[in-house]
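Open the model in your viewer and keep the selection panel at hand. The stops below say what to select and what is there.

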Amino acid sequence: METTGCGTAIVTPFRADGSIDEQALQALVNWQIDSGIDFLVACGSTGEAATLDEDEWLLAVGIVVEAAAGRVPVWAGCTHNSTRTLLRQAGRLCRLGGVDAVLSANPYYNKPSQEGQFQHFLALAKAVDPLPVTVYNVPGRTAVNIDPETVLRLAEAAPNIQAIKEASGKLPQIAQLVHILPREFKIFSGDDNLALASIGVGAHGLISVASNEIPAEMGRMIRFALGDRWAEAREIERKYAQLLDANFWESNPGPVKTVLNLMGRTTDHVRLPLVPPTSATRARLERLAGELGLI
């Protein structure tokens, strides 16, 4: 996998009736690419993939692929806690075409062992081969962590498992991945506020929530860090540090959709069981967005 830099885990805009707003999603993709983002991730956690039915999920991925038109790589989220269901969905994704990589999170709820996770991701890799697979480690949402040794086993067992999105929040774990994995295996921070620290220990980039709102700035920050221009990277992080935190004042993607709505980019509708941020949080977000010049 050649991809490095900053990728946006893009939101899925909804209309008031709850349906996907195709035009808003197309416009977001074009703005992201025009702003210099390095790649896009459709239907991840920030894209509310867990509440999309299968046809909607494929529709959203297809919109992002079509709108991107080959200008940047597009990764598609494809996650399920039933391996059998995951493989069926992966087959539909492969038939859709146009996707450059698959991003798949740990199986949630079941709390599988390391061996269970190994077998799960290996089955996915075989099902989509030769399409590259990025393992998404997000224990805060799935209740299981994938150990670095298991990631190494997967990299050795399946050549198309070529990257990991590391959202454990554990910098020592990211450092261990850097130390034990082959140099060509890509490691991406899954946490905006750990991105520079992760690159400092050897990661290759970031899959970002905040780049939904500030794609140009987050892209520059990551490219500065990868280019050893640390003073410039830290200056951008310092300016937007509060926004990186604000996106998690309530459950993601509620806050980021609120800011995008304030910016005039999309609606702020989310799907149950998520609800919009409280009026107090919205007021705080509006004040912060104004101070940062986003609105």
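A salt bridge here is a side-chain nitrogen of Lys or Arg within 4 Å of a carboxyl oxygen of Asp or Glu. The model is predicted, so local features need pLDDT of at least 70 and side-chain atom pairs count only at pLDDT 80 or more, while totals for chains, interfaces and linings use all residues. Residues are numbered from 1 along each chain as its sequence is written, and side-chain values use heavy atoms, with hydrogens and water left out.

**Stop 1: the barrel**

Select the strands; helices (H or I, at least four residues) and strands (E, at least two) are DSSP runs, numbered from the N terminus. In the order β1-β2-β3-β4-β5-β6-β7-β8, 8 strands close into a barrel with parallel pairing. On average, neighbouring strands of this sheet are turned by 25 degrees against each other, direction ignored. Axes are lines fitted to C-alpha atoms, for helices over the stretch in contact, and angles run from 0 to 180 degrees between N-to-C directions.

Now narrow the selection to β3 (residues 74–77) and β4 (residues 101–105), which pair in the parallel sense over 3 bridges. Two strands count as paired if DSSP finds at least two bridges between them. Which residue of β4 is the bridge partner of Gly 77? Leu 103 is that partner.

**Stop 2: helix α3**

Select residues 83–96, the 14 residues of helix α3. At 1.5 Å a residue they should span 20 Å, and the end C-alpha atoms are 20 Å apart, which agrees. The expected span is 1.5 Å times one less than the number of residues.

Colour Thr 85, Leu 86, Gln 89, Ala 90 and Leu 93 of α3, which are buried. Seen down the axis of α3, the buried residues fall within an arc of 135 degrees, so they line one face of the helix. The arc is that of the directions from the helix axis to the C-beta atoms. Buried means under 20% relative accessible area, exposed over 50%, and partly exposed in between (1.4 Å probe, protein chains only). On the face turned away from the buried side of α3 are the exposed residues Arg 84 and Arg 95.

Add α2 (54–68), β3, β4 and α4, which are among the elements covering the buried residues of α3, where contact means heavy atoms within 4.5 Å. Just after α3 comes Gly 97, with a positive phi near 80 degrees.

**Stop 3: helix α6**

Go to residues 148–157, helix α6, where Pro 148, Thr 150, Val 151, Leu 154 and Ala 155 are buried. They cover an arc of only 160 degrees around the axis, which puts them on the same side of α6. Their cover includes α4 (114–128), β5 (133–137), β6 (161–166) and α7 (171–180).

**Stop 4: helix α9 and the salt bridges**

Select α9 (residues 215–226), which lies across β1 (5–9) and β8 (205–208) and runs at about 150 degrees to β1.

The whole structure holds 11 salt bridges. One of them joins the side chains of Asp 38 and Arg 223, at 3.1 Å from N to O. Asp 38 sits in the loop between α1 (22–34) and β2 (39–42) and Arg 223 in helix α9, 185 residues apart. Asp 38 is partly exposed, with a relative accessible area of 21%; Arg 223, at 34%, is also partly exposed.

Finish at α10 (residues 230–246), where Glu 235 and Arg 238 are 3 residues apart, about one helical turn. Their side chains meet in a salt bridge (3.0 Å, N to O).
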